[in-house]
Amino acid sequence: MTAANGRRAVGADAAAGGPQEDGAGAGAGRPAVGDTVAAVVRQWRTVHPELDTGPMEVIGRINRCAALLQQAEDAPLRHAGLTRPEFDLLGALRRTGLELTPGELARETFSSGAAVTKRLKQLTERGLVERRGDTRDRRVAHVRLTDTGRALVDGILPAQLSYETTVLSGLDTPAQSTLATLLATLLSQLEGHLNTPHP
């Protein structure tokens with residue numbers, strides 16, 4: 001599977017099932033796969049055969065997929081010089097259509113206050129957002145997109161969605177729907193029990 005620019009889209013092998021390898025990730029009801037997490041799981045089974053590595057097969061793959069997508073050189077976000085957390089912050093301002101305080105942005109993007117402050121500084125220096133002091137409370141700042149920031153978000157979103165469609169093209173529509181439902185269930189559980197913000 002290739003992306004629009006002709007390079008192989010990240011995650012293509014994993015989405016398509018990847019090269020099959022006997023015994024990799026095999027278990028009760030689990031097919032054999034040959035991704036990098038399967039190799040890690042095999043090694044842990046050798047060291048600790050008494051432990052159930054099933055959770056590692058799920059969490060490890062979620063983390064690995066996230067890392068690969070963050071690092072993808074052919075992703076539109078990377079071409080624009082943005083990280084996903086920075087784009088999420090810009091996107092929160094665009095989709096709400098409001099001025100938001102740093103605290104509100106932290107809640108909207110599931111980030112820590114310190115992380116939002118750092119990202120806002122970088123985005124302000126790039127002329128993508130601007131801050132306005134509250135007329136009643138000098139301790140409060142309101143953040144909004146600049147015209148440049150709004151144009152960047154509107155320009156990059158279709159390209160990013162197209163890229164993500166390509167990444168997922170190894171899964172048919174029912175499989176994508178099932179995966180989305182399962183991840184939504186997991187996310188809801190985590191949001192209900194884990195309160196630690198993302199970095």
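At which residue does helix H8 bend, and by about how many degrees? In this predicted model, H8 bends by about 30° at Ile-156. A proline, Pro-158, follows within four residues of that position. The end-to-end distance of the helix can be set against expectation: H8 comprises the 21 residues 147-167, and at 1.5 Å a residue these should span 30 Å. The C-alpha atoms at the two ends of H8 are 30 Å apart, which agrees with that figure. Several residues of this helix are buried, namely Gly-149, Val-153, Ile-156, Gln-160, Tyr-163, Thr-166 and Val-167. Ile-156 is thus named twice, as the site of the bend and as one of the buried residues of H8.

The loop between strand E2 and H8 contains Thr-146. Because its relative accessibility is 13%, and the limit for burial is under 20%, Thr-146 counts as buried. Beyond its neighbours within four places in sequence, Thr-146 is in contact with Gly-127, Leu-128, Val-129 and Glu-130.

On the other side of this loop in sequence lies E2, residues 141-145. Four of its five residues are buried, so the strand is largely enclosed by the rest of the structure. E2 is joined to strand E1, residues 129-133, by five bridges, and the two strands run antiparallel. Within this pairing, Arg-132 stands opposite His-142 in E2.

The discussion now turns to the nonpolar interior. In soluble globular proteins, nonpolar side chains tend to be buried together. The largest nonpolar core here has 19 residues, of which Leu-89, Leu-90, Leu-93, Leu-105, Leu-120, Leu-123 and Val-129 touch the most other members. Two or more residues of this core come from each of helix H5 (84-96), helix H6 (102-109), helix H7 (113-125), E2 and H8. H5 makes the greatest contribution, with five residues.

Leu-123 illustrates how such a core residue is surrounded. Its contacts, apart from neighbours within four places in sequence, are Leu-82, Glu-86, Leu-89, Leu-90, Leu-128 and Val-129. Among these partners, Leu-128 and Val-129 are also in contact with Thr-146.

A further residue to consider is Arg-42, which is placed in helix H2, residues 36-47. With a relative accessibility of 29%, Arg-42 counts as partly exposed, because this value falls between the 20% limit for buried residues and the 50% limit for exposed ones. Arg-42 and Thr-53 are separated by 11 residues in sequence, and their C-alpha atoms are 9.0 Å apart in space.

Notes
Residues numbered from 1 in each chain as written. Predicted model: local features only at pLDDT ≥ 70, side-chain atom pairs only at ≥ 80, totals over all residues. Heavy atoms only, no water. Expected span 1.5 Å × (residues − 1). Bend = angle between axes of the 7 residues up to and from the residue. Buried < 20%, exposed > 50% of the residue type's maximum accessible area, 1.4 Å probe, protein only. Pairing = 2+ DSSP bridges. Core = buried A, V, L, I, M, F, W, Y, C linked by side-chain atoms within 4.5 Å. Contact = heavy atoms within 4.5 Å.
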